[in-house]
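Me: Could you walk me through this model and show me how each label is earned? I'd like to see the reasoning behind the words.

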Amino acid sequence: MLYYSYNKVNRIKIIYKFLVVGFIIIFMLEAILMIVFRWFPFVQNSIWLPVIDAATLAILSTPLFYLFAVKGFVKEIDDGNYRLSQLKKAIDYHSIVSITDESGVLVDVNEKFSHISGYAKEELLGNDHRLVNSGCHENNFWYEFYSCLKKGQVWCGEIKNRKKNGSYYWVSSTVVPFFDSQGNLENYISVRTDITDIKLAKEKLKLDNIELQYKAYTDSISGIANRLGVDEYLYRVLNQSESKAVLLLDIDKFKLINDTQGHLIGDELIKWVAINIERSVRKDMDFVGRYGGDEFIIILSRVDKYTSVKVAENIREKISSTCVPDSVSPAISSVTCSIGVVSFFGLSDRNTVVSTADAALYQAKRDGRNCVRSKSLNG
C-alpha cells in the first residue's frame, strides 16, 4: 500500500508538470495564430477576433487537457476499481461477509454466507444475525459484543452459529462499524472465517486427552485409580488443612489364591474386592485406589480417628461376610482382609503417611489377619 501511494503521488506530480507545459504550448500556439490572423484584412478590427481567439483556445486545449489531465485521472479511477474488484474477489473466496445497516438488518451478504448458513440470499436480506443464532452463548457474551460495537470499536472473537438445517458451525469473526463524514453510524461489516474443523479437532483432542489421562490414572483390572492416580490424589489431599485418614487394605493369603486358582481368578477377585470397598465409603468425599498387587488404599476426608477405624471395620466385615460369587470363583466361598489405618490432622508428607499406614497393616497381619489396626500421627 505504501508503494502504491508513493507511485500515485509521483504520477500526479508528472501530470501537473505536463499540464503546465501543455498550457504554455497552447498559449504560444495561440499567440502565433493570432499574429498570423492579423495579416488577413477581414480579421483586423473585427468582432470576430475574440470569437476566433476563444475557438482556437478551445480547439487546442481540449485534446491536451484530456491527454494530460482527464485521461490520467480516469486511468487512476479504473486502476483503483480494478484493484478493489480483485480485493473483493479474494475476500469473497476466503471469507464470509455480511453488511448490515445501523440497526443490524442485513443489507448485503456474499455467496459464502449463503453457502455455510444454508439460507438463500433472499432469505437473509431484511433479517438480522439472530436468524443464525445458535443459542449457545451466554447473555454476558452478547452484552460485551454489543457494548463494544456501541462504543464504535472493532469486535473480534469466535461465534457458534446454527445452519438452516439445525447443525452448528463456528466462525472467527471481525465486526467493523463504519461512520459517515458527520460521525453518524452507517453500517456494520462483518468478515468471518469458518473454523468449524479446527474447533472439532480441538474438541476431539480434548476428549482424547481426557481418555488418555483416565487410562494413565486408572487400574485396568479393577477400574479404580492406579498407583499413579493414588500418588496424584495424595499430593493434593495431604496439602489440605483438615482431619483425614489413610487406610491400607491387603487381601489375606492372596498369593496362595493366585497360585492355586490362577491369575484370571485372582484378577476377578481384585475386581470384586474393589467393588465392595467402593460401596462402603462416601462417593463424593472419599477415594479408593489400587496401590499394587492385592493392596488397596482408601483415603477418608474430614474424619477423626474413631470414625476412620469404624469405616475400616465396616469394610473388613463387608468383605469377610459376603460370599464370593460363583462368577468370580466357585472354588472360593469367602475371603478376608487386613487393614492398617493412620489418622492425622493438617499437613503431612506422603512417605510418612504411607509408611505409618503400612506399619499398622503389618501389625494387623502379625495379629492373625482379618483385623484392623490403627496409628495416629498427631498422638
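**Helix 7 and a loop**

Reply: Gladly. In this predicted model, helix 7 spans residues 227-237, and its buried residues are Gly 229, Val 230, Tyr 233, Leu 234 and Val 237.

Me: How do you know that the buried residues are on the same side of helix 7?

Reply: They cover an arc of only 130° around the axis, so they sit on the same side of helix 7. The general rule helps here: an α-helix has 3.6 residues a turn, so residues three or four places apart point the same way.

Me: Nice. What do the buried residues of helix 7 pack against?

Reply: Their partners are helix 6 (196-217), strand 6 (243-251), strand 7 (287-292), strand 8 (295-301) and helix 11.

Me: And what makes the pair Asn 226 and Leu 228 at the start of helix 7 a polar contact?

Reply: A side-chain oxygen of Asn 226 comes within 3.2 Å of the backbone nitrogen of Leu 228. The cut-off for such an N or O pair is 3.5 Å, so this one qualifies.

Me: Now to the loop between helix 11 and strand 10. Why is Arg 369 called partly exposed?

Reply: Arg 369 has 37% relative accessibility. Buried would be under 20% and exposed over 50%, so Arg 369 falls in between. Its phi is positive, about 65°, although Arg 369 is not a glycine.

Me: What makes Asn 370, in the loop between helix 11 and strand 10, partly exposed?

Reply: The relative accessible area of Asn 370 is 28%. That value lies between the 20% and 50% limits, so Asn 370 is partly exposed. Asn 370 also has a positive phi, near 50°, in a residue other than glycine.

Notes. Residues numbered from 1 in each chain as written. Predicted model: local features only at pLDDT ≥ 70, side-chain atom pairs only at ≥ 80, totals over all residues. Heavy atoms only, no water. Helix = DSSP H or I, 4+ residues; strand = E, 2+ residues; numbered from the N terminus. Buried < 20%, exposed > 50% of the residue type's maximum accessible area, 1.4 Å probe, protein only. Arc of directions from axis to C-beta. Contact = heavy atoms within 4.5 Å. Polar contact = N/O pair within 3.5 Å; in protein donor to acceptor, adjacent residues only side chain to side chain.
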